[in-house]
Structures are given as structure tokens and as C-alpha cells.
Amino acid sequence: MTTTPPTTLAERQSLAHGPLGIALLHIDRAHRGLTSWQVVHRQLAQVHPLIDGDEAGLFLGAPAMAYVLHLAAAGSTRYAAALDTLDHVVAAHTRRRLAAAHARIDHGRYAAFAEYDLLRGLTGLGALLLRRRPDGDELRRVLEYLVRLTEPLTAPDGRQRPGWWVGHAPTINSAATPGGHANAGLAHGITGPLALLALAKRRGITVDGHDTALTRICRWLDQIRRSDHRGTRWPRWISDEGPAPAIPAAPSWCYGTPGLVRAQQLAALALGDTDRKRMAERALLYCLADRHQLDRLTTRGLCHGLGGLLRTVQRVAQDADDPKPFTDWLHRASQRFLTTQAPQEPGFLQGTAGATLAFQGAQPGAEAGTDWDACLLLV
């Protein structure tokens, strides 16, 4: 895969759009024996020096590099020295971010996506720590913070709001949510923390209030859930003016039904909640049967496209009570994927690299590769 050389430091270190994300495809192929490790080395050589300021997170800078090298190492001694150095950098970075987050809560201010979410915030750092240092103190501190994040917040006007209420809009349209909002999505909303808390509990890692936090998030999702003859879905956010329209929307990983379903399936598995598990899996099947929703996916990308749906369905199927309806759909989805518009960029989150990873993993009899989608909180 040829790429246009990134022009800025941030572009070179972006897991979403730059060489780091593209390296995930080369790493997966190298583990399968389909390409050489020299290809991986050349890709990673484009990335230096590493960003470690407040803007760094799972998808940018030192933490992003640690994630990529972890997948490359896969239990070997490959990149051991670099990973050891990065582990210390990420731990110190996480402690700084946690101190700032707790200070914000102590002062009664609203959160921001960059504090807690998957792409830029502490949920993303927690996802990395769960892979790199599952027994470390920093992961436990992140989980404790997420428990605190779910506790109700008293706003300056005296209202009780969810602890993850942000004072800004969910999009570049600042008028979308006057007064802020509580986001439900997996990429930027509370289902990111839900998935991380569930994944940690399934690995036997819990903190005080862990189950309470899982239950609190699930009950909030129940409150905003909408069901009708077209199935079950959730609005993207709740603002002072009420929920965003819960009309059938694009079934994307980042905001749509598939991401919310996988997070709730993981939570149900962690809590032993069979009713929630059935509800979530049934919601996804309704979604997959609704061509009006599927037709809204117009590209192959992971974040907003068909690639993200393919990978999410694959992970749901692995834990489903009855995986056959999901695997049958995956078999039929190949033609839809191939006739959907190809990405215009080579990157991971919205580009060719991520779409290729999703497509090859969904093929019948596909050889197991890396858990590259751990950065999407699908596994």
C-alpha cells in the first residue's frame, strides 16, 4: 500500500489517519505470514518524535505507538525495549490526565470528550493499559475514575445530570445541543466506558463500585431506548431539549446501534444479565434486516461505514447465544461491501487499511490475525 507522506507531526502519529493506523494492516498481514516485518519497520520509521502532551491519547502520539508496537510484539521480544520505555511514558501520562479529571469533578465542572472518551481520553488510555499492563495501578485508577464519571453531577443551575455530561456540542454545529449533552456513542459517549468496564471485569479486574457503574450506565441506556415495529435503537445523545431523533440512522460503529449493542452485550456477559444480552443481540438483528438503515452506509470505512459494521457483527457473533444469523449475514455482506464506495484515504479509521482489515476478517474460514479492533473496544 502506497501512501502520501504525512506533512505534520500529528498526522505522522495518528492512529486514525496516519502511518500508525496503516501499520495495523501490515502487522496483521505479517503475523499471517503474508508480508515481511521489514514492511512494518518501514511504516513505523515514519513516526518520530512522539507526542506526549495533553493531546496524546490512544489514537495519537506515544500511547498510539505503544498500542501498535504491542500488536506487533504479540508475546515475542520484538520491540521490547521500545515498549518498556513507552509503558513508563503512558503510565506517567495517564496519572497526569487522571489528576486533571478528578480536579475537574471536584470543582463541579462539566466533562469534555477529550477527558474521558475512547479516541482522546481516559477510556482510550484504559483500553491500552488493559492490554499492556492489566495488573498495573494505572488501569485500576482509570477504572475508579470511570466509576466516578457515572455518578450524577449537580450542574451550576442545580439540575442533576449524568456525570459524563459535556458542556459542548457533539458536532461542529455549536447550536446542536445548547447547554451541552450526554452522549451515548461508543467513540465519544458513555458506551465507551461501559465497554471498557465490562472488558476489565471479564478479565477479573474490578474496583469498588464497578458493578454499580455498569448497571447505572445500562439503566440510562434503557431510559433512552426506543422500540417500534422497525426494531430497537438509541438516540445519539440527550440534551436539555430532549433526545436527538432516534429515527433509523446509519448503523455505524461509532454512534449507531451496532456499537451500542456490542457494549451492552459485553456488559451483559460481565454482569450475567441474560435478558440484556438477548435484547442487544435482537436489536442488532433487526438493524441488519432493515435495508433503510443499511443503505445509509455509503463507504467501506470503520468509523462511519460498512467496515465497522462488519467487524462489530463478527464480534457480536462470537459471543451470541445463536451466532448463525450473524454469520449468515456476514457471508451475504461481502457483495454489499465490494459494491460500496472505496475510501479516499489510506488510513485506519475511515480509510483503506481499516476497511481491508474488517473485510478480510469477515471472510468465511479467515485465519485468525491480531486483535487490531481492541482500539475500537470490540474485544
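Start by selecting aspartate 222 and arginine 276: their side chains meet in a salt bridge, with N and O 2.7 Å apart. Aspartate 222 sits in helix 10 (residues 210-224) and arginine 276 in helix 12 (residues 274-288), so this pair ties together parts that are 54 residues apart in sequence. Keep in mind as you click around that this is a predicted model.

Now add arginine 225 to the selection. Aspartate 222 forms a salt bridge with this residue too, the closest N and O atoms being 3.0 Å apart. Switch on a surface and look at how the three are covered. Aspartate 222 is partly exposed at 27% relative accessibility, and arginine 225 is partly exposed as well, at 28%. Arginine 276, with a relative accessible area of 10%, is buried.

Next stop: aspartate 373 and arginine 315. Here again the side chains meet in a salt bridge, 2.7 Å from N to O. Aspartate 373 is in the segment after helix 16 (352-361), while arginine 315 belongs to helix 14 (residues 306-319), so the two tie together parts that are 58 residues apart in sequence. Both aspartate 373 and arginine 315 are buried. Widen the selection to Arg131, Arg311, Arg315, Asp371 and Asp373, and you have one network joined by salt bridges that share partners. If you want to hunt for others, the structure holds 26 salt bridges.

Time to move to the largest pocket, which has a volume of about 380 Å³. Select Ala16, His17, Leu119, His188 and Leu349: of the 18 lining residues, these are the closest to the pocket's centre. Colour the lining by class and you should get 10 nonpolar, six polar and two charged residues.

Stay there and pick Cys254, Cys303 and His304, which UniProt lists under "binding site" in an unreviewed entry. They are spread over 51 residues of sequence, yet they cluster in space, with a largest C-alpha distance of 6.8 Å. The lining of the largest pocket includes Cys254, Cys303 and His304.

Zoom in on cysteine 254, in the loop between strand 7 (242-243) and helix 11 (257-271). Is cysteine 254 buried or exposed? It is buried, with a relative accessible area of 2%. Show its contacts beyond four places in sequence, and you'll find Gly185, Leu186, Ala187, Cys303 and His304.

Finish on cysteine 303, found in the loop between helix 13 (291-294) and helix 14. Cysteine 303 counts as buried, at 7% relative accessibility. Leaving out residues up to four places away in sequence, cysteine 303 touches Ser252, Trp253, Cys254, Leu349 and Gln350.

Key
Residues are numbered from 1 along each chain as its sequence is written. This is a predicted model: local features need pLDDT of at least 70, side-chain atom pairs count only at pLDDT 80 or more; totals for chains, interfaces and linings use all residues. Side-chain values use heavy atoms; hydrogens and water are left out. On a 1 Å grid over the protein atoms alone, a cavity is a set of points where a 1.4 Å probe fits but cannot get out, and a pocket is an open set with protein on both sides within 12 Å along at least five of seven lines; lining residues have an atom within 4 Å of a point. Grid points are joined across faces, edges and corners, and a volume is the space filled by probe spheres set on the points. Ala, Val, Leu, Ile, Met, Phe, Trp, Tyr, Cys and Pro count as nonpolar, Asp, Glu, Lys and Arg as charged, and the others, Gly among them, as polar. A salt bridge is a side-chain nitrogen of Lys or Arg within 4 Å of a carboxyl oxygen of Asp or Glu. Buried means under 20% relative accessible area, exposed over 50%, partly exposed in between (1.4 Å probe, protein chains only). Helices (H or I, at least four residues) and strands (E, at least two) are DSSP runs, numbered from the N terminus. UniProt positions are given in the numbering used here, feature names are shortened, and annotations may be inferred rather than shown by experiment. Contact means heavy atoms within 4.5 Å.
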